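Me: Please take a close look at the strands of this chain and how they are paired. I would like one connected account that includes the side chains, with values where you have them.

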Amino acid sequence: MSATEGSVRDMLAANLKRVRTQRGLSLSELSRRSKIGKATLSQLEQGTGNPTIETVFSLARVLEVPISDLVDRPPSREVTLVRAADVEVLSGKGVDLRPLRRIESGDAVFEVYDQQVRADGTQDSLGHTGTEHTVVQAGRLGVRVDGREVELGPGDYIAFDASMPHSYTALDGPVRSVLLLHYRAEQRLHLSTPAPDDCRPDTAPWPPQGAP
């Protein structure tokens with residue numbers, strides 16, 4: 001709870017009513033269960049009260065939510081829009097990547113890319129941290145992972161341990177796909193020094209240009 005008192009009060013006001021409503025509790029019922037006066041709860045929801053640590057702990061216990069759900073800013077419900085034209089293309093020997101979004105959830109980090117394998121192109125990687133997921137949208141994609149080769153068409157999906165040597169090859173004209181890289185937050189430091197000719201540009205800036 002490193003936020004200032006004012007911001008904690010504002011966040012509690014915004015979150016308390018939302019969580020209480022989700023739980024289907026009236027102010028009177030929440031007051032009965034938490035042993036906090038109804039008038040005090042009403043002030044807290046209006047942002048005019050002065051919450052104490054004990055009050056927040058009591059509300060979190062009764063509402064069965066983490067304390068952070070009451071005093072932190074709720075997840076944004078705004079629409080995230082990234083225009084392809086606004087994102088710098090990161091090119092390799094056979095692949096053009098547009099970094100669209102990095103998503104962090106707990107210990108997990110997800111990087112989302114628009115990936116295009118150029119016609120008659122092959123992109124080799126010696127391997128890097130994480131699990132790689134690819135969904136083909138258009139074209140025929142040859143994927144080689146640690147010596148095993150598979151062919152993917154539109155709608156096909158593949159996932160593999162990205163630490164193994166792998167490559168992407170456009171088999172019949174350019175290939176359009178979505179690439180998602182998944183790794184643990186503690187592994188992030190290992191991404192600062194990519195292997196030569198890696199198919200994923202680990203030094204890509206985040207957030208990408210044009211992202212909120």
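Reply: Start with Thr131, whose bridge partner in S8 is Asp161. Everything said here refers to a predicted model. The two strands involved are S5 (residues 131-138) and S8 (residues 157-161), which run antiparallel and are joined by five bridges.

Within S8, the side chains can be sorted by face. Ile158 and Phe160 point to one face and are buried. Tyr157, Ala159 and Asp161 point to the other face and are not buried. The general pattern behind this is that side chains in a regular strand alternate between the two faces of the sheet. Asp161, the partner of Thr131, is thus on the face of S8 whose listed side chains are not buried.

Tyr157 also takes part in a nonpolar surface patch, together with Val135 and Val178. The area of this patch is about 240 Å². Val135 sits in strand S5, so the patch has a member from each of the two paired strands, Val135 from S5 and Tyr157 from S8. Val135 is partly exposed because its relative accessibility of 34% falls between the limits of 20% and 50%. That value also passes the requirement of over 30% for patch residues.

A second set of strands forms an open sheet. Its four strands come in the order S4-S9-S6-S7, and their pairing is antiparallel. S4 and S7 (148-152) are the edge strands, each pairing on one side only. From one strand to the next, the twist averages 15 degrees.

At the S4 edge, the pairing is with S9 (residues 166-170), antiparallel and over four bridges. Ser125 stands opposite His166 of S9. Gln123 is found in S4 too, which covers residues 122-125. Gln123 counts as buried because its relative accessible area, 2%, is under 20%.

The side chain of Gln123 has two polar contacts with backbone nitrogens. One is to Lys93, whose backbone nitrogen lies 2.8 Å from a polar atom of that side chain. The other is to the backbone nitrogen of Val95, at 3.2 Å.

Val95 leads on to S2, a strand covering residues 95-105 in which Pro99 lies. Pro99 is buried at 3% relative accessibility. Its C-alpha is 7.5 Å from the C-alpha of Glu111, while the two residues are 12 apart in sequence.

Notes. Residues numbered from 1 in each chain as written. Predicted model: local features only at pLDDT ≥ 70, side-chain atom pairs only at ≥ 80, totals over all residues. Heavy atoms only, no water. Buried < 20%, exposed > 50% of the residue type's maximum accessible area, 1.4 Å probe, protein only. Polar contact = N/O pair within 3.5 Å; in protein donor to acceptor, adjacent residues only side chain to side chain. Pairing = 2+ DSSP bridges. Axes fitted to C-alpha atoms, helices over the stretch in contact; angles between N-to-C directions. Patch = residues over 30% accessible without salt bridge, like charges linked within 9 Å, V, L, I, M, F, W, Y side chains within 5 Å. Areas by Shrake-Rupley, 256 points an atom, 1.4 Å probe, with all protein chains shown as cover. Salt bridge = Lys/Arg side-chain N within 4 Å of Asp/Glu carboxyl O.
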